[in-house]
Amino acid sequence: MKYGTSKLSSAVRLALSLGAVIAVGSTATVAFAQDTSAQSQQADQSKAKQLETITVTGSHIRRVDVETSNPVVTIDSTAIRASGKLTLGDLVQSLPAVTGGNVNPQVNNGGGTGGTTVGLRGLGAQRTLVLIDGRRIVNNASNNLVDINSIPTDMVDRIEVLTDGASAIYGSDAIGGVINVILKKNYNGAMLSAQYGQSGHGDGASKSYSAAFGHTSDSWDIMGGVAYNQTDGILASRRKFSKNSVSISGGPTSSGSYTPVHSFVGGSSFGQYGHIQVPKSLQGTNGFPSCGNVALNAGASGASGSDYHCFGNSDKYNYASVNLIDTPQKRTSVWLKGDYKFNDHLTAYVEGYHNKTTASFQLAPALLGVAYGLVIPQNNPYNIFGVAFDPTHNDFRLRAVSIGNRQADSKNTTDQWDGGLKGDFGLFNQNWTWDLNIDYGRSAQDLTTLNLPNMNVINADLACTSASNGCTPLNIFNQFDPASSKTLREAARPAYSRTLNTQQVYTLEANGGLFDLPAGTVQLAAGMDYRRETVSSHIDPLLTIDPSTGNCILGSQCSSPLSGSYNVKEGYFELFVPVLANLPGVQSLNVTVGDRYSSYSSLGSSRIGNTNNTKFAIEYHPISDLLLRGTVATVFRAPNVADVFGSPISDAPLLKNDPCNGATAANPACVGVPLNGSFVNTDVALGQQIKALATGAQYAGLALKPEKGKSFDFGLVYSPSYVDGLSLSADFWHIYINDTISAVGAQTVLNSCYDGLTQFCPLISRFTSGVNAGQINQIIEPTANLGTTTTGGIDFSTRYKVPHFSFGDFVVGIDATYLKYYNQQTAPGTAANVTFYDAGHLAPYGSPQAATCPSGGGICLFPRWRGQTFVNWTMGNWSASWRTRYIGRFQNGSLSPSQDTHPVANNGGGSPIPGQVFKYGATVYHDISFGYNFEPYHTRVDVGVNNLSDKQPPFLYANNTLNANTDPTDFDLIGRYYYARVTLTF
């Protein structure tokens, strides 16, 4: 095979030799400028021909050049170790190209499994494909997304992040880009390592132990290792910003007055002293206060009306302090990789790992209320209100603090193994390689949930009118009565559920030259594969939901079993054509075209069928120092089993407004609402979460179409020969997606129906009679195709290897992403269409924007700028690194009502204040590390501090977030963190 004479081929050698030096930060693979002398060029050409070809993420073509048409950022294993992180997720999640909403161990409510998801370009983890050595891995059973923390760090040589759509190369899910984890190979020796860390607050201790070995011979090589790490949980009460549930309120009231914008410590309207709806006939009589909702006075028995007072913000339950800002986790991994060479043309190989992660989350005590199946008969001996409390009559809410905090302990196991045969052969007088591979992945989650109230038991006690009937009446109005507390504790039950995901992939592919052109060899990569994925779950009968009521025996955390499978058959080709080379004004000009054909089995009523996705890419070197590149590709994402067959599970979303407030005209979204202009949604006015069911498309009566769109990337790489060691790059990117598959939130369901999208109207259930007429009983939140998503921006990268000084060598680098736009349209071409302009904004919890964006932590944040810098220093056995992480300024709210939600809720009316804007400045984190290699003892010691300045996260307020008054995906909740590591090699 012949190779082109691009100077980038020699840059590969230099980049690899400097890898241990330049990759202490999150570094991009770059091409350093070369000597332009004729003698140097001849030497480079000679060495390039001997250099082993490689495949760079984003292409199947084996190339000498590292810098191609694909924009790829590389994180070296040295960078992983220098970060002090015990898992891959935190490191990858901090990349500038990662934005929007994701999950990590700081996400307690909505996470808690110890896992980390990564979504490039703000498009979510479901549109970012994660690979190991170019092959798919199984989705985690806890959320049907890949948990990058399950991959053992000691197994990893580097991580290549492709920030370009790659459906034509890898198939579905690669819309936002690809994260390709490259494993180590050809390792000789053994390594033992131990690490300990702790926050500056004296909590969050972590420890890690690992061992690895490897041996390489002429015919075989083998590597393996074991690792264990553990991190302690941190209560939210340990930090000032998270110890209280602080909400914002103010603005015009329903009576026409104005309350200044203010904050208060509150929380949930399910208070520990109750939130009890008083019949109008009792208000202001028999000692009852003159208000619609009351709470029990602390220490009172509840035997008379004077024992109660009007429910206010101070009566809300401050749930924050018992939540976690870092979830506890333990992780054990075993990995193995090896191959055996039968001869020079045939090799067998196997690689894989087993990971077991145990983790837990903790939430405030369970909710007891009529919305979750509680029934208090009128004749309960402690019921002095004279009415029944049930879903069709009066409302009753209580936080069951006497039972204790809710907790869920999960055990997640992941097995990912693949093996096969590979070799080479001659064809067309060219060298070809081939690979026959079988890949199997399995992920299982066993989840045990504690301290959930058994509603059958509690309702039976509430129905008891006298102990003479062989039962004990329950005073639910005073849970602090010793007898009541005892009864409620005895009614609590644990529950168990299990989910299993499997993936099987069979692949045959080949790669080689076709014929020679004057500019080089035309190369072809082609292959075919078959993939089958299955999902199944078992749910404890006590947690199994009754869809007609949205409840289960254990109250508010209900679920349903899920099972389903699909398969896809695919074939692809990729053709690399060197068009011109070594001409005036054309150092080289290369073109790559690719195509992937996919045929999907049906998924219930959602029929994906066949799809074809293409790629066209160009690389142009007008001079040796400059690379101009561009890629245009179609992108594609098929709905998965959970998207289609997902059974209903309990959700508790927050509504920012109800369009039916003050309604005077009929609307399908307002069935049951009084049309005299007096209606006010109680939950919205209180800032209280509502009851909902999150489901797949089929349960909601909807059919899903696949997402389709295009990806554009145009950029340059400049390595000036007159500044040795300097490389600059910039890439302009744009992605648009049609028929976006979204987990449609309650707010969007409600607004869409009100604005004319009638397919969402049957998903809204309101009470149609009684004192709560018009109040929302339940909303079904389906998975559906919802409009379009368009995003674009610019990536920047700079690397400079400073000339040698007597006091050491320095490498500096900058990576940054500017998000120019991130726009969502809910229903293009219809009167109901709404466009959200999210770039530079926070999409708060409960807002339509957050309800339609791919969020993992309840909110989505889209700062305009994200960046990283590093300065690495080495001198002899010494090394040091200073790294910064930058998250740009953003705002919550907009002067234009059509562009953003508003962060401040109206007192009593539920409408946001027009024009209210909260602005937040940039956040910068500084991390430092130092290391020394004791060569005679084969020992290395590293110490470091992350978040050196103990930077606190921005305060976003509890009624705009789901966790800790802030965004746990983007910001550091732990604070300053110290760590030390010792590594021995043999």
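C558 is buried (under 20% relative accessible area, with exposed meaning over 50% and partly exposed in between, for a 1.4 Å probe and protein chains only), having a relative accessible area of 4%. The structure is a predicted model, in which local features need pLDDT of at least 70 and side-chain atom pairs count only at pLDDT 80 or more, whereas totals for chains, interfaces and linings use all residues. Residues are numbered from 1 along each chain as its sequence is written, and side-chain values use heavy atoms, with hydrogens and water left out.

The partner of C558 is C552, the S to S distance being 2.2 Å, and C552 is likewise buried, at 8% relative accessibility. The torsion about their S-S bond is about -80°, so this disulfide is left-handed. Five disulfides (pairs of cysteine sulfur atoms within 2.5 Å) are found in the whole structure. Among them, C753 and C761 have sulfur atoms 2.1 Å apart and form a right-handed link, with 105° about the S-S bond.

The largest nonpolar core (a set of buried Ala, Val, Leu, Ile, Met, Phe, Trp, Tyr and Cys residues joined through side-chain atoms within 4.5 Å) contains 46 residues, of which Y600, L655, A669, V749, F760, I764 and I779 touch the most other members. Helix α11 (746-754) is one of the elements that each supply at least two residues of this core, and α11 gives the most, with four residues; helices (H or I, at least four residues) and strands (E, at least two) are DSSP runs, numbered from the N terminus.
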